[in-house]
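Subject: Structure handover

Hello,

Here is the structure you are taking over. Please open it alongside this message; the notes on what was found follow below.

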Amino acid sequence: MKYRLLADTGVFVSELCLGAMTFGGRGQMWEVIGGLDQADADAIVGRALDAGVNFIDTADVYSAGESETMVGKALGTRRKDTVLATKVRGRMGKGANQVGLSRLHIVEAVEASLTRLGTDYIDLYQVHRFDTLTGLEDTLRALDDLVRSGKVRYVGCSNFAAWQLMKALAISRAEHLERFKCTQSYYSLAGRELEREMIPLLKDQGVGLLVWSPLAGGFLSGKFSRDGKDASGRRASFDFPPIDKERAFATLDVMRSIATAQGATVPQVALAWVLARDVVTSVIIGARKPAQLDDNLKAVDLALTPDDITALDDVSRLAAEYPAWMENMPSDRRPGEERRFERR
């Protein structure tokens, strides 16, 4: 296992992070994603830690809090060796204020998460989504207070648009508040929209990137074909996140060829491509079975060739959107350069 810096925190996290969304949820909507019991979670967590993973991510909303409880029990005495991350924002009850990023809810939610996790501090506390009903400054001040109190070490965001993250960073700078150290965002060979606005921002502002669903909800596992006859797994019953399936199938064709040549599996190729992006801090992997986890863990040892990466980049590339296509036109900025339009 290799380790990467989490932005400018000085903290090293494993380049693969264990996601705990598959823990718990039996009898709930979460069962389609996981439904693992405590014994299963213990085995998965133990296996990941033994392989060198030191980074675990969950959320209060996963299985209505059950995931956090199971993570805490599974870690036990190994908690001190783990960078533990969770999230706040989702609805945690029927009460009018048991949701969102208000100070009222954040303070209540962090105490509940600490209790479920069986710890007195959270290493990385992330806001799960943007809250249009709460001022960003109120949210950031509440998070800043949690860091100052010692209950939270660092803060991050998840599923923000680039402008939302930049606004938050500007408020933190102006008001001397804790800034988001990272974003947890969807990014995969089947979903590269993050490259349009967010990734340039992350590079410019020195913000880390934690990638969720690098297999596009299982679509890039290699289990799916165009005729749909052999479809199985989570996406067969929960078709999320949305993707351009024609482009994704074309990408899978290239992935299978590379996997065969490299003696690897299709999921390992998908993970290796994300790991090869220089902006990525850590890639979140989830598993329902130990064999799935073992396969994913081997991705850190897969070195894609420059030709492999070029082939994957080309087949999965998105069409340029405005204003990007303006910037892709010939440059006239340097001495001797001249922008010319080609006649047809």
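In which loop is proline 323 found? Proline 323 is in the loop between H11 and H12. The peptide bond that leads into proline 323 from tyrosine 322 is cis, with omega near 5°. A cis peptide bond also runs from phenylalanine 240 to proline 241, where omega is near 0°. Proline 241 lies in the loop between H7 and helix H8 (245-262).

Confidence

Please keep in mind that this is a predicted model. The average pLDDT of the protein chain is 95, and 97% of the residues score at least 70. Among the elements, strand E6 (residues 122-127) has the highest mean pLDDT, at 99. The lowest mean, 68, belongs to helix H7 (residues 234-237). Where pLDDT is low, the predicted coordinates should not be read in detail.

Backbone

Two residues other than glycine can be noted for a positive phi. For arginine 89, phi is near 150°. Arginine 89 is in the loop between strand E5 (83-88) and helix H3 (103-117), and its relative accessibility of 15% makes it buried. For asparagine 159, phi is near 65°. This asparagine is in the loop between strand E7 (152-158) and helix H5 (162-175). With 33% relative accessibility, asparagine 159 counts as partly exposed.

Salt bridges

The whole structure contains 25 salt bridges. Side chains of opposite charge can pair when their charged atoms come close. Three of the pairs are described here.

Aspartate 313 and arginine 277 form a salt bridge through their side chains, at 2.9 Å from N to O. This pair links distant parts of the chain, its members being 36 residues apart. Aspartate 313 is in helix H11 (residues 306-316), while arginine 277 is in the loop between H9 and E10. Are these two partners buried or exposed? Aspartate 313 has 13% relative accessibility, so it counts as buried. Arginine 277, at 17%, also counts as buried.

Arginine 340 and glutamate 338 make another salt bridge, with their closest N and O atoms 3.4 Å apart. Arginine 340 counts as exposed at 60% relative accessibility, and glutamate 338 counts as exposed at 51%. Elsewhere, Arg192, Glu195, Arg277 and Asp313 are joined into one network by salt bridges that share partners.

The third pair is lysine 80 with aspartate 81, whose side chains meet at 3.9 Å, N to O. Lysine 80 is exposed, and its relative accessible area is 63%.

Cavity and pocket

How many cavities of 30 Å³ or more does a search of the whole structure find? The search finds one. The largest cavity holds about 50 Å³ of space. Its lining consists of Leu101, Val127, Phe130, Asp131, Thr134, Leu136, Thr139, Phe160 and Phe180. By type, these lining residues are six nonpolar, two polar and one charged.

The second largest pocket has a volume of about 320 Å³. Its lining is made up of 14 residues. Those nearest the centre of this pocket are Glu195, Arg196, Ala320, Glu321 and Ala324. The lining of the second largest pocket divides into seven charged residues, six nonpolar and one polar. Glu195 thus appears both in this lining and in the salt-bridge network.

Helices H10 and H12

Helix H10 covers residues 290-297, and Leu293, Asp295, Asn296 and Leu297 are buried in it. What do the buried residues of H10 pack against? They pack against two strands, E3 (16-19) and E10 (282-285), and against two helices, H1 (38-50) and H9 (266-275).

Glutamate 327 is in helix H12 (residues 324-327). At 67% relative accessibility, glutamate 327 counts as exposed. Between the C-alpha atoms of glutamate 327 and leucine 18 the separation is 38 Å. Along the chain, these two residues are 309 residues apart.

Regards

Conventions: Residues are numbered from 1 along each chain as its sequence is written. This is a predicted model: local features need pLDDT of at least 70, side-chain atom pairs count only at pLDDT 80 or more; totals for chains, interfaces and linings use all residues. Side-chain values use heavy atoms; hydrogens and water are left out. pLDDT is the predictor's confidence in each residue, from 0 to 100. Helices (H or I, at least four residues) and strands (E, at least two) are DSSP runs, numbered from the N terminus. On a 1 Å grid over the protein atoms alone, a cavity is a set of points where a 1.4 Å probe fits but cannot get out, and a pocket is an open set with protein on both sides within 12 Å along at least five of seven lines; lining residues have an atom within 4 Å of a point. Grid points are joined across faces, edges and corners, and a volume is the space filled by probe spheres set on the points. Ala, Val, Leu, Ile, Met, Phe, Trp, Tyr, Cys and Pro count as nonpolar, Asp, Glu, Lys and Arg as charged, and the others, Gly among them, as polar. Buried means under 20% relative accessible area, exposed over 50%, partly exposed in between (1.4 Å probe, protein chains only). Contact means heavy atoms within 4.5 Å. A salt bridge is a side-chain nitrogen of Lys or Arg within 4 Å of a carboxyl oxygen of Asp or Glu.
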